[in-house]
Amino acid sequence: MKILKYILFSLLLAVAMPTEMQAKRMKAPKMYMFGLSASFQDSIIYMTDVQEVEGVWYDSKTKFLLGRHHYSYQLKDFLANNMQQPNRVCVVMFALTRKEAEKKFIKMRKEYTVKAKGKYDVRYLTTTEFKFQPVDMSEQ
């Protein structure tokens, strides 16, 4: 009888316990982002403008951009195909408001211009040259 209670309790506990917890994915009406690209082979740094991208997915719990690698690959592919700059490391910075994104942009720009004391050749990509395209994360 005691073993039967133990088995029933174990089964009840196994059924009641959630097997996987996921944060809620949300689709933001718009998010602001910019890209930064560097290479270990030269001193050229590419920075994009702060761009408004609509229909971006993010994790509502951590406020983190979903599909970050897709956005960084967009910049990486652009630089490889249009600027003949292969093998670059690309990073995407993002924020829910333009003010936050511009604050991050200014901080990164200062890092590679003022603090680096001319060590890097910083080149800017305007929105007419390169624009991030939204990535659909609803299926993943």
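**Close-up views of a predicted model**

**View 1. Surroundings of M47 in strand β2.** M47 counts as buried, because its relative accessibility is 0%, under the 20% limit for that class. The structure shown in this and the following views is a predicted model. M47 belongs to strand β2. Apart from neighbours within four places in sequence, the contacts of M47 include F34, G35 and L36, as well as F105, M108 and R109. The remaining contacts of M47 are V122, R123, Y124 and L125. M47 and Y124 are 77 residues apart along the chain, yet their C-alpha atoms are separated by 4.9 Å.

**View 2. Helix α3 and its buried face.** Helix α3 comprises the 15 residues 98-112, and its end C-alpha atoms lie 21 Å apart, in agreement with the 21 Å expected at 1.5 Å a residue. Its buried residues are A101, F105, M108 and Y112. Seen down the axis of α3, these residues fall within an arc of 70°, and they therefore line one face of the helix. The face turned away from the buried side bears the exposed residues K99, K103 and K107. The cover over the buried residues of α3 includes β1 (25-38), β2 (44-48), β5 (89-95) and β6 (121-125).

**View 3. The largest nonpolar core and a second, separate core.** The largest nonpolar core has 23 residues, of which M31, M33, V56, L65, Y71, L79 and F132 touch the most other members. Two or more residues of this core come from each of β1, β2, β3, α2 (68-82) and β5. A second core, separate from this one, consists of twelve residues, among them F34, V50, F105 and V122.

**View 4. Contacts of V56.** V56 is one of the residues that touch the most other members of the largest nonpolar core. Beyond its neighbours within four places in sequence, V56 is in contact with M26, K27, A28, M31, M33, L65 and Y71.

**View 5. Aromatic pairs and an aromatic cluster.** The model contains six aromatic pairs. In one of them, F34 and F105 have ring centres 5.2 Å apart and planes at 90°, so the pair is edge-to-face. This pair links distant parts of the chain, F34 in strand β1 and F105 in helix α3 being 71 residues apart. Both F34 and F105 are buried. For F64 and F94, the ring centres are 5.5 Å apart and the planes stand at 85°, so this pair too is edge-to-face. The link is again between distant parts of the chain: F64 lies in strand β4 (residues 64-65) and F94 in strand β5, 30 residues apart. F64 counts as partly exposed, at 39% relative accessibility, whereas F94 is buried, with a relative accessible area of 12%. K104 lies over the face of F94, at 5.5 Å from the ring centre. One aromatic cluster is formed by Y71, F78, F130 and F132.

**View 6. Surroundings of Q51 in strand β3.** Q51 lies in strand β3, which covers residues 51-59. With a relative accessibility of 1%, Q51 counts as buried. Leaving aside neighbours within four places in sequence, Q51 is in contact with M31, Y32 and M33, and also with T127, F130, K131 and F132. Among these contacts, F130 and F132 belong to the aromatic cluster with Y71 and F78, while M31, M33 and F132 are among the residues that touch the most other members of the largest nonpolar core.

Technical notes. Residues are numbered from 1 along each chain as its sequence is written. This is a predicted model: local features need pLDDT of at least 70, side-chain atom pairs count only at pLDDT 80 or more; totals for chains, interfaces and linings use all residues. Side-chain values use heavy atoms; hydrogens and water are left out. Helices (H or I, at least four residues) and strands (E, at least two) are DSSP runs, numbered from the N terminus. Buried means under 20% relative accessible area, exposed over 50%, partly exposed in between (1.4 Å probe, protein chains only). Contact means heavy atoms within 4.5 Å. The expected span of a helix is 1.5 Å times one less than its number of residues. The arc is that of the directions from the helix axis to the C-beta atoms. A nonpolar core is a set of buried Ala, Val, Leu, Ile, Met, Phe, Trp, Tyr and Cys residues joined through side-chain atoms within 4.5 Å. Rings of Phe, Tyr and Trp (its six-membered ring) pair if their centres lie within 6.5 Å; planes under 30 degrees apart count as stacked, over 60 as edge-to-face and the rest as tilted. A charge sits over a ring if NZ of Lys or CZ of Arg is within 6 Å of the ring centre and within 35 degrees of the ring normal.
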